[in-house]
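Here is a short report on how one protein chain is packed inside. Look at the structure first, then read on.

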Amino acid sequence: MKFVDTDSETLQWFPTFMQWNSEDEREEWAELCALAVLHAHEEKPKRRRTKALRKQLSAFVADFSKLTPADQAFLFIPDPDRMPVPAFILMAESEGDRETTLRQIVQADAESLVRPVEVDPFTTERLGEGLRSTRYWSTADDQLMVTVRYGWRAEDAGVDLCLYMVWNDPGHMASYADAVDDFARSLWINDAQ
């Protein structure tokens with residue numbers, strides 16, 4: 001079984017499940033994440049603050065499988081006082097022309113009414129040459145959104161890989177662009193036997 005792993009050492013990225021085996025499992029995960037995030041920002045976080053963040057995180061990840069089709073997810077929590085942002089991963093067997101597939105993965109040619117999709121090469125040491133796109137768009141109620149997508153063809157593993165995040169605050173996304181790029185560079189495919 002292949003899955004995407006990271007060796008990021010920051011206390012900002014937390015692997016999470018798309019579906020939980022039980023509410024207790026989800027609550028335990030949320031408790032550990034809340035403690036890690038708060039201890040990274042405060043010397044002695046109050047129990048009330050830990051409990052509030054645990055509840056928020058637990059509720060946030062409860063129904064990821066209903067939110068989007070994805071194989072894996074990480075939760076980006078750079079600040080305990082802001083809404084976390086999920087990073088979803090899709091993986092499929094490689095097929096078709098590499099360049100065409102990568103452009104599809106990052107939605108390079110998607111309609112973008114706000115401004116054209118920005119597409120740039122994005123290479124990592126372990127996943128190789130890929131693409132990164134930034135696409136700004138509006139919701140039906142005129143909320144400005146931004147989607148950041150990364151795509152690679154991992155030849156050794158025989159898979160096409162996509163990492164994507166959807167932000168409801170383009171300014172927030174811009175302030176963490178380097179952190180997100182660093183996380184993308186930390187990814188690798190673990191082929192667990």
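At 25% relative accessibility, Phe60 is partly exposed. This is a predicted model, and local features are described only where pLDDT is at least 70. Phe60 pairs with Phe64 in an edge-to-face arrangement, with 5.9 Å between the ring centres and 80° between the planes. Phe64 is buried, since its relative accessible area is 2%.

**Aromatic pairs**

The structure holds 13 aromatic pairs. Phe60 with Phe64 is one of them. Another joins Phe74 and Phe183: the planes stand at 70° with the centres 5.1 Å apart, so this pair is edge-to-face. Phe74 belongs to strand S3 and Phe183 to helix H6, so the pair ties together parts that are 109 residues apart in sequence. Phe74 is buried at 3% relative accessible area. Phe183 is buried too, at 1%. Both rings also belong to a cluster, in which ring pairs link Trp13, Phe74, Phe76, Trp167, Tyr176 and Phe183.

One ring has a charge for company. The charged end of Arg149 sits over the ring of Tyr164, 4.7 Å from the ring centre.

**Two cores**

How many residues does the largest nonpolar core have? The number is 29. Trp13, Tyr150, Trp152, Leu161, Leu163, Met165 and Trp167 have the most contacts inside this core. Several elements each supply at least two of its residues, including strand S7 (144-154), strand S8 (159-167) and helix H6 (177-185). Strands S3 (72-76), S4 (85-93) and S9 (187-191) do so as well. Another core, of 26 residues, lies apart from the largest one. Among its members are Leu53, Ala70, Ile105 and Val106.

**A cavity**

Rolling a probe the size of a water molecule over the atoms shows where empty space is left. Here the count comes to 1 cavity of 30 Å³ or more. The largest cavity has a volume of about 30 Å³. Which residues line the largest cavity? They are Arg132, Val148, Met165, Trp167, Met173, Tyr176, Ala177 and Val180. S8 and H6 each supply at least two residues of this lining. Two lining residues, Met165 and Trp167, are also among those with the most contacts inside the largest core.

**A hairpin**

Strand S5 (residues 118-124) pairs with strand S6 (residues 128-138) in the antiparallel sense, over 7 bridges. The two strands form a hairpin, with 3 residues between them. Asp120 has Arg132 in S6 as its bridge partner. Arg132 also helps to line the largest cavity. Gly130 is found in S6 too. Gly130 is buried, with a relative accessible area of 7%. Gly130 and Val146 are 16 residues apart in sequence, and their C-alpha atoms are 20 Å apart in space.

**Positive phi**

Most residues other than glycine have a negative phi. Gln107 has a positive value, near 55°. Asp142 also has a positive phi, of about 65°, although it is not a glycine. Where do they lie? Gln107 is in the loop between helix H4 (98-105) and S5. Asp142 lies in the loop between S6 and S7. The table gives their accessibility.

| Residue | Relative accessible area | Class |
|---|---|---|
| Gln107 | 28% | partly exposed |
| Asp142 | 65% | exposed |

Asp142 counts as exposed because its 65% relative accessible area is over the 50% cut-off.

Technical notes: Residues are numbered from 1 along each chain as its sequence is written. This is a predicted model: local features need pLDDT of at least 70, side-chain atom pairs count only at pLDDT 80 or more; totals for chains, interfaces and linings use all residues. Side-chain values use heavy atoms; hydrogens and water are left out. A nonpolar core is a set of buried Ala, Val, Leu, Ile, Met, Phe, Trp, Tyr and Cys residues joined through side-chain atoms within 4.5 Å. Buried means under 20% relative accessible area, exposed over 50%, partly exposed in between (1.4 Å probe, protein chains only). Helices (H or I, at least four residues) and strands (E, at least two) are DSSP runs, numbered from the N terminus. Rings of Phe, Tyr and Trp (its six-membered ring) pair if their centres lie within 6.5 Å; planes under 30 degrees apart count as stacked, over 60 as edge-to-face and the rest as tilted. A charge sits over a ring if NZ of Lys or CZ of Arg is within 6 Å of the ring centre and within 35 degrees of the ring normal. Two strands pair if DSSP finds at least two bridges between them. On a 1 Å grid over the protein atoms alone, a cavity is a set of points where a 1.4 Å probe fits but cannot get out, and a pocket is an open set with protein on both sides within 12 Å along at least five of seven lines; lining residues have an atom within 4 Å of a point. Grid points are joined across faces, edges and corners, and a volume is the space filled by probe spheres set on the points.
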